[in-house]
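Please read the report below alongside the sequence and the structure. It moves from the overall fold to the cores and then to single side chains.

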Amino acid sequence: LSAIGWNEEDIEDFRGQSGVRFAEGAYTMDFLTAGESEYVVRAHSITDNINGLRLTEGRMPENDSECLVESGKFGIGFKLTVAGSNPESTRKRFRHETFTVVGMVDSSMYINFERGSSSVGNGEIRAFVYLPKEAFDIEVYTEAYVRFDQDFTIYSDEYDSYMDGREQQW
């Protein structure tokens, strides 16, 4: 994560580091939805090779005004609208005000019921949504994901040993 963001050159630099299998930039933005009640939703860009999604219903987006939502939230055909009560700086970071749900997914980023907290609205993230990268209007990536060559079981002693010092590598 970066408060100032990552550009494509940063991502290329990550890709060139020793032991890196793949690196990819991504966008994340929290926003309030419009409707009968406002929800805090975390929007992620769909990545190509990291943070896998499993489509459980519907289809993948075919344009930048379509989205995926977590299984059991909203429904296919639902119009998810970025509320006008969001700050203008938030609203301007999306290419569209409304996105049509075309599929439901399970995400490897959310393996439990907790969705995290946010500085938006009441602070409780109620759902996640995935948008094509083209749906965001942000100059720099808000996140950089790196996959290393090693496939250790997460949180194992081997994994912990391998990861020691990796944060300082960059």
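What follows covers the fold, the nonpolar cores, the salt bridges and two loop residues.

This is a predicted model, so local features need pLDDT of at least 70 and side-chain atom pairs count only at pLDDT 80 or more, while totals for chains, interfaces and linings use all residues. Residues are numbered from 1 along each chain as its sequence is written, and side-chain values use heavy atoms, with hydrogens and water left out.

**Overall fold**

The protein chain holds four helices and nine strands. Both are DSSP runs numbered from the N terminus: helices are H or I with at least four residues, strands are E with at least two. Along the sequence the order is α-β-β-β-β-β-β-α-β-β-β-α-α. Of the 170 residues, 43% are buried. Buried means under 20% relative accessible area, exposed means over 50%, and partly exposed lies in between (1.4 Å probe, protein chains only). The accessible surface is about 9700 Å², and carbon and sulfur atoms account for 46% of that surface. These areas come from the Shrake-Rupley method with a 1.4 Å probe; for residues, only the protein chains shown count as cover. Contact means heavy atoms within 4.5 Å. Among contacts between residues at least 6 apart in sequence, 73% join residues at least 24 apart.

**Nonpolar cores**

A nonpolar core is a set of buried Ala, Val, Leu, Ile, Met, Phe, Trp, Tyr and Cys residues joined through side-chain atoms within 4.5 Å. The largest one has 23 residues. Phe31, Cys67, Phe94, Val129, Leu131 and Phe136 have the most contacts inside it. The elements giving two or more residues to this core are H1, E2 (28-32), E3 (40-45), E5 (66-70), E7 (98-107) and E8. E7 gives the most, with three residues. Another core lies apart from this one. That core has six residues, among them Ile46, Leu68, Val102 and Phe128.

Leu131 has contacts beyond its neighbours within four places in sequence, including Ala43, Cys67, Phe94, Phe99 and Phe136.

**Salt bridges**

Side chains of opposite charge can pair when their charged atoms come close. A salt bridge here is a side-chain nitrogen of Lys or Arg within 4 Å of a carboxyl oxygen of Asp or Glu. The whole structure has eight. The table lists some of them.

| Pair | Closest N to O distance |
|---|---|
| Arg15 and Glu8 | 3.3 Å |
| Glu12 and Arg15 | 2.4 Å |
| Arg59 and Glu62 | 3.7 Å |

Glu8, Glu12 and Arg15 are linked in a network. Glu12 and Arg15 are three residues apart in helix H1 (residues 8-15), so about one helical turn separates them. Arg15 is partly exposed at 30% relative accessible area. Glu8 is partly exposed at 34%, and Glu12 is partly exposed at 43%. In the other listed pair, Arg59 is partly exposed at 30%, whereas Glu62 is exposed at 65%.

**Two loop residues**

Asn86 sits in the loop between strand E6 (79-81) and helix H2 (88-91). Asn86 is buried, with a relative accessible area of 2%. The Asn86 side chain reaches the backbone oxygen of Ala83 at 2.8 Å.

Glu134 lies in the loop between strand E8 (125-131) and strand E9 (143-148). Setting aside neighbours within four places in sequence, Glu134 is in contact with Asp64 and Arg95. The C-alpha atoms of Glu134 and Ser45 are 8.4 Å apart, with their positions 89 residues apart along the chain.

Conventions
A polar contact is a pair of N or O atoms within 3.5 Å; within protein, one must be able to donate a hydrogen and the other to accept it, and residues adjacent in sequence count only if both atoms are side-chain atoms.
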